[in-house]
Amino acid sequence: MAEEVKAVSEEDAVISLQGVGKRFGERWAVSDFDLRIPRGVTYGLLGPNGAGKTTSLRMIYGLTEPTSGSLRVFGKEVRENVRAVRARLGVTLQENVLIENLDPRENLAVFGRFHLLRGKALRDRIEFMIDFLELRSHADVPVRALSGGYKRRLAIAMSLMNDPELVILDEPTTGLDPAVRLALWERVRELRARGKTVVLTTHYMDEAERLCDRVAIMSEGKCVMEGVPSELITTHLARETIEFDCSVKEEGEFLRPLEDPRARVRVGRRLMLYADDTGVYMDRLHQREGADCRPFIVRPTNLEDLFLSVTGTSLKEVE
Ligand SMILES: Nc1ncnc2c1ncn2[C@@H]1O[C@H](COP(=O)(O)OP(=O)(O)OP(=O)(O)O)[C@@H](O)[C@H]1O
Ligand SMILES: [Mg+2]
């Protein structure tokens with residue numbers, strides 16, 4: 001467990017996992033997961049397809065029982081307190097759970113009643129959520145006729161009906177257009193400003209970098225890195241990235257006479273080199289190519305670079 005996470009006391013932690021594992025048949029989807037998420041932060045669970053993110057969230061929500069370890073939410077062991085924990089928690093699953101023949105307003109009403117909202121309180125909450133997720137133009141359209149993005153917005157609205165202290169969002173912005181994605185980020189920031197704890201998964205590293213106070217990067221069921229995104233980047237990779245296309249053979253020739261960079265990542269023909277000063281590589285590219293300099297990009301190293309260098313770049317599925 002990272003030192004900073006250990007520093008979050010058990011009382012301050014909204015979510016606390018100790019040695020949590022989940023086995024399906026012979027395979028451990030999640031193993032030996034230690035995590036403490038403090039109150040009021042936006043926390044990102046990152047990892048390639050099949051890394052164990054959804055399984056971890058399902059255990060936190062009490063949908064899946066851990067095979068091993070201790071999992072506490074609001075200080076309570078989840079398996080013994082599923083109802084009490086869920087009452088204070090809102091969840092948007094990776095797959096939308098909606099009633100297809102009802103419209104958004106009716107869906108929200110069903111969910112609100114489930115959470116014991118009635119009368120004016122229920123009506124007010126529905127209208128608030130319709131505005132919060134910008135659903136008004138489609139509030140009377142049956143769910144089956146909504147586009148994927150509107151269904152996603154409605155699913156998120158549903159998870160917030162009970163004004164939960166802890167909000168769990170499994171890939172909330174997958175399939176959303178850029179404007180809606182940005183609007184949703186604002187909503188997440190608003191929730192955070194109101195003291196809510198938000199735990200989300202995303203495959204968009206720009207989103208994680210901008211939105212999350214802390215992230216855990218999972219790979220093959222294990223947490224391989226944990227911390228503040230900007231600190232993780234500067235600790236593990238160099239400041240600058242230079243990227244260009246080249247073959248594996250060229251890479252050998254190009255790098256041999258130079259001091260190795262702290263890390264490099266290849267995705268197909270694209271090579272990314274991380275260095276505190278990429279000038280030396282730029283000079284080298286100019287020399288090699290003469291007037292027809294090979295196109296390259298120099299940019300600040302970001303969370304996606306770290307993610308790729310930690311989890312690998314092949315099409316990875318733990319199967
Ligand atoms: N009910 C299940 N039965 C058997 N295996 C499962 C089950 N649920 C998940 N798994 C396996 O557990 C592993 C982790 O799956 P999980 O859905 O948690 O990954 P993920 O990180 O959410 O991936 P993605 O980014 O694709 O959503 C995968 O190998 C998956 O096939
Ligand atoms: Mg998932």
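**Figure legends: close-up views of the predicted model**

Of the 319 residues in the protein, buried residues make up 49%. The structure shown is a predicted model.

**Figure 1. Overall architecture and domain layout of the protein.** The chain is organised into twelve helices and 14 strands. Its C-alpha trace spans about 75 × 45 × 35 Å along the principal axes. The domain assignment divides the protein into domain 1 (3-88 + 164-233), domain 2 (104-163) and domain 3 (238-300). Domain 1 is thus given as two segments, 3-88 and 164-233, with domain 2 assigned to residues 104-163. Taken over C-alpha atoms, the centres of domain 2 and domain 3 are separated by 50 Å.

**Figure 2. The surroundings of ligand 1.** Ligand 1 is surrounded by 16 residues, of which the closest are Gly50, Lys53, Thr54, Thr55 and His203. By class, this shell has five nonpolar, seven polar and four charged residues. Helix α2 (residues 53-61) gives the most to the shell, with three residues.

**Figure 3. Polar contacts of Asn49, Gly50 and Ala51 with ligand 1.** Asn49 takes part through its side chain, a polar atom of which lies 3.0 Å from an oxygen atom of ligand 1. Gly50 takes part through its backbone, with an N or O atom 2.8 Å from an oxygen atom of the ligand. Ala51 likewise places a backbone N or O atom 3.1 Å from an oxygen atom of ligand 1. Taken alone, ligand 1 exposes 640 Å², and the protein buries 67% of that area.

**Figure 4. Protein donors of the magnesium ion (ligand 2).** The protein donors are OG1 of Thr54 and OE1 of Gln94, which lie 2.0 to 2.2 Å from the ion. This pair links distant parts of the chain, 40 residues apart: Thr54 belongs to helix α2, whereas Gln94 is in the loop between β6 (89-92) and α4 (104-114). Thr54 has a relative accessibility of 25% and therefore counts as partly exposed. Gln94 also counts as partly exposed, at 34% relative accessibility. Thr54 is, in addition, among the closest residues to ligand 1.

**Figure 5. Ile99 and Arg144.** Ile99 lies in the loop between β6 and α4, the loop that also holds the magnesium donor Gln94. The relative accessible area of Ile99 is 34%, so this residue is partly exposed. Ile99 and Arg144 are 45 residues apart along the chain, and their C-alpha atoms are separated by 8.4 Å.

**Figure 6. Thr197 and its contact with Gly40.** Thr197 is found in strand β8 (residues 197-201). With a relative accessibility of 1%, Thr197 counts as buried, because the cut-off is under 20%. The side chain of Thr197 reaches the backbone nitrogen of Gly40 at a distance of 2.9 Å.

**Figure 7. Phe74 in the loop between β4 and β5.** Phe74 is located in the loop that joins β4 (68-73) to β5 (76-77). Although Phe74 is not a glycine, its phi is positive, at about 55°. At 12% relative accessibility, Phe74 counts as buried.

**Figure 8. Met161 and Asp163 in the loop between α6 and β7.** Asp163 occupies the loop between α6 (148-159) and β7 (166-170), and Met161 is found in the loop between α6 and β7 as well. Asp163 is a residue other than glycine with a positive phi, near 45°. Asp163 counts as partly exposed, at 37% relative accessibility, whereas Met161 counts as buried, at 1%. The C-alpha atom of Met161 is separated by 7.5 Å from that of Ile126, a residue 35 positions away along the chain.

**Figure 9. Helix α12 and its two ends.** Helix α12 comprises residues 303-311, and its buried residues are Leu303, Asp305, Leu306, Phe307, Leu308 and Thr311. At the start of the helix, a side-chain oxygen of Asn302 reaches to within 3.0 Å of the backbone nitrogen of Glu304. Just after the helix, Gly312 takes a positive phi of about 90°.

Conventions:
Residues are numbered from 1 along each chain as its sequence is written. Chains are lettered from A and ligands numbered from 1 in the order in which they are written. This is a predicted model: local features need pLDDT of at least 70, side-chain atom pairs count only at pLDDT 80 or more; totals for chains, interfaces and linings use all residues. Side-chain values use heavy atoms; hydrogens and water are left out. Domain bounds come from an automatic or database domain assignment. Buried means under 20% relative accessible area, exposed over 50%, partly exposed in between (1.4 Å probe, protein chains only). Helices (H or I, at least four residues) and strands (E, at least two) are DSSP runs, numbered from the N terminus. A polar contact is a pair of N or O atoms within 3.5 Å; within protein, one must be able to donate a hydrogen and the other to accept it, and residues adjacent in sequence count only if both atoms are side-chain atoms. A residue is near a molecule or strand if one of its heavy atoms lies within 4 Å of it. Accessible areas come from the Shrake-Rupley method with a 1.4 Å probe; for residues, only the protein chains shown count as cover. Ala, Val, Leu, Ile, Met, Phe, Trp, Tyr, Cys and Pro count as nonpolar, Asp, Glu, Lys and Arg as charged, and the others, Gly among them, as polar. Donors are N, O and S atoms within 2.8 Å of the metal (3.2 Å for Na, K and Ca); water is not among the atoms, so sites may look incomplete.
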